[in-house]
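Subject: Structure handover

Hi,

Here's the structure I said I'd pass along. Have a look at it first, then read on for my notes.

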Amino acid sequence: MAVKIQRKPKGAYHHPDLEHALVDAAIRTIHEQGVNALNLRAIGSQLGVSRTAIYRHFDDKSALLARVALEGFRIFRLALRSAVDEARKRGADPLEEMGSAYIEFALANQSHYKTMFSGAFGSWDRYPDLITEADGAFDVLLSTIREEQGTSRIAASHDPMRLAHIIWAGVHGIATLGMAGHLGPHDGTDGQLEELSRLHSRILLSGLRSRS
């Protein structure tokens with residue numbers, strides 16, 4: 001009995017690692033055209049794969065954006081953790097160093113950054129892994145504030161959660177406004193935004209120091 005050979009349709013292409021290729025293509029599209037420009041059909045066309053192949057990995061555009069955001073929060077969490085660890089080794093202020101790391105991450109990973117905070121992927125409840133990564137990044141800041149309070153470098157009378165929100169909002173504002181060109185002339189380097197972040201940290205933290 002002859003064996004019937006199954007042939008791929010003309011023009012079909014099997015990508016060896018389609019899931020990662022889709023994420024990389026999404027990151028490029030966001031960088032070049034913005035979050036709202038992402039389109040699964042266009043991504044599939046770039047990679048030479050069908051929409052059916054894409055749906056094996058991502059249910060829709062929102063799911064692909066959520067994966068980009070998840071990857072971003074993972075990189076972000078590791079960057080913040082590394083900044084704290086290095087600050088402890090050098091005897092530097094960990095909160096100031098985290099602010100600097102925040103700016104560096106935002107500038108180096110703008111597609112991830114914009115997606116993480118855009119809300120373009122819809123309800124967070126659909127993506128428990130994304131929530132875990134985002135919470136993990138925030139917990140680096142929150143736990144560091146609590147450690148600073150435990151050593152009396154920050155007054156224990158302040159609510160650590162509220163402090164975390166204030167510090168985060170300030171540095172996030174510098175990064176977001178800076179990348180949009182709203183903080184004045186830029187000299188072409190990342191130094192200006194990092195300097196603003198460090199100044200923000202020093203001014204804010206000088207008022208939080210324990211007076212005892």
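Below is what came out of going through the model, from the overall fold down to single residues.

First, keep in mind that this is a predicted model. The chain has nine helices and zero strands, so the pattern read along the sequence is simply α-α-α-α-α-α-α-α-α. Of its 212 residues, 41% are buried. Among contacts with a separation of 6 or more, 69% are between residues 24 or more positions apart.

**Helix packing**

Two helix pairs are worth pulling up in your viewer. Start with H4 (residues 61-90) and H7 (residues 128-150), whose axes are 7 Å apart at an angle of about 20°. With an angle under 35 degrees counting as roughly parallel, H4 and H7 are therefore roughly parallel to each other. The crossing of H4 and H7 is left-handed. On the H4 side the contact includes Ala-66, Ala-69, Leu-70, Phe-73, Phe-76 and Leu-80, along with arginines such as Arg-74, Arg-77, Arg-81 and Arg-88. H7 brings, among others, Leu-130, Ala-134, Ala-137 and Val-140, plus Asp-129, Glu-133, Glu-147 and Glu-148. Sorted by type, the residues of this H4–H7 contact come to 11 nonpolar, three polar and eight charged.

The other pair is H5 (residues 94-108) with H9 (residues 191-206): here the axes are 9 Å apart and the angle is about 150°. That makes H5 roughly antiparallel to H9, since angles over 145 degrees are put in that class. H5 and H9 cross in a right-handed sense. From H5, the residues involved are Leu-95, Glu-96, Glu-97, Gly-99, Ser-100, Ile-103 and Leu-107. They meet Leu-193, Glu-194, Ser-197, Arg-198, Ser-201, Arg-202 and Leu-205 in H9. The split for the H5–H9 contact is five nonpolar, four polar and five charged.

**Aromatic rings**

The count comes to 10 aromatic pairs. Take Phe-76 and Phe-105: their ring centres are 5.0 Å apart and the planes sit at 35°, so the pair is tilted. Phe-76 is in H4 and Phe-105 in H5, 29 residues apart, and the pair links distant parts of the chain. Both Phe-76 and Phe-105 are buried.

Phe-121 and Trp-124 make another pair, with centres 5.3 Å apart and planes at 75°, so this one is edge-to-face. Are these two buried or partly exposed? Phe-121 has 0% relative accessibility and counts as buried, whereas Trp-124, at 31%, counts as partly exposed.

If you highlight the aromatics, look for the cluster that ring pairs build from Phe-73, Phe-76, Tyr-102, Phe-105, Tyr-113, Phe-117, Phe-121, Trp-124, Tyr-127, Phe-138 and Trp-168. Note that Phe-73 and Phe-76 turn up again here, having already appeared in the contact of H4 with H7.

**One residue up close**

Last stop is Lys-61, which is found in H4. Lys-61 has a relative accessible area of 30% and is partly exposed. What does Lys-61 contact once its neighbours within four places in sequence are left aside? The answer is Val-35, Asn-36, Leu-38 and Leu-40. Arg-41 is 20 residues from Lys-61 in sequence, and the C-alpha to C-alpha distance between Lys-61 and Arg-41 is 9.7 Å.

Cheers

Key. Residues are numbered from 1 along each chain as its sequence is written. This is a predicted model: local features need pLDDT of at least 70, side-chain atom pairs count only at pLDDT 80 or more; totals for chains, interfaces and linings use all residues. Side-chain values use heavy atoms; hydrogens and water are left out. Axes are lines fitted to C-alpha atoms, for helices over the stretch in contact, and angles run from 0 to 180 degrees between N-to-C directions. Helices (H or I, at least four residues) and strands (E, at least two) are DSSP runs, numbered from the N terminus. Angles under 35 degrees count as roughly parallel, over 145 as roughly antiparallel, 65 to 115 as roughly perpendicular and the rest as oblique. A crossing is left-handed if the near helix is turned anticlockwise from the far one by less than a right angle, and right-handed if clockwise. Contact means heavy atoms within 4.5 Å. Ala, Val, Leu, Ile, Met, Phe, Trp, Tyr, Cys and Pro count as nonpolar, Asp, Glu, Lys and Arg as charged, and the others, Gly among them, as polar. Rings of Phe, Tyr and Trp (its six-membered ring) pair if their centres lie within 6.5 Å; planes under 30 degrees apart count as stacked, over 60 as edge-to-face and the rest as tilted. Buried means under 20% relative accessible area, exposed over 50%, partly exposed in between (1.4 Å probe, protein chains only).
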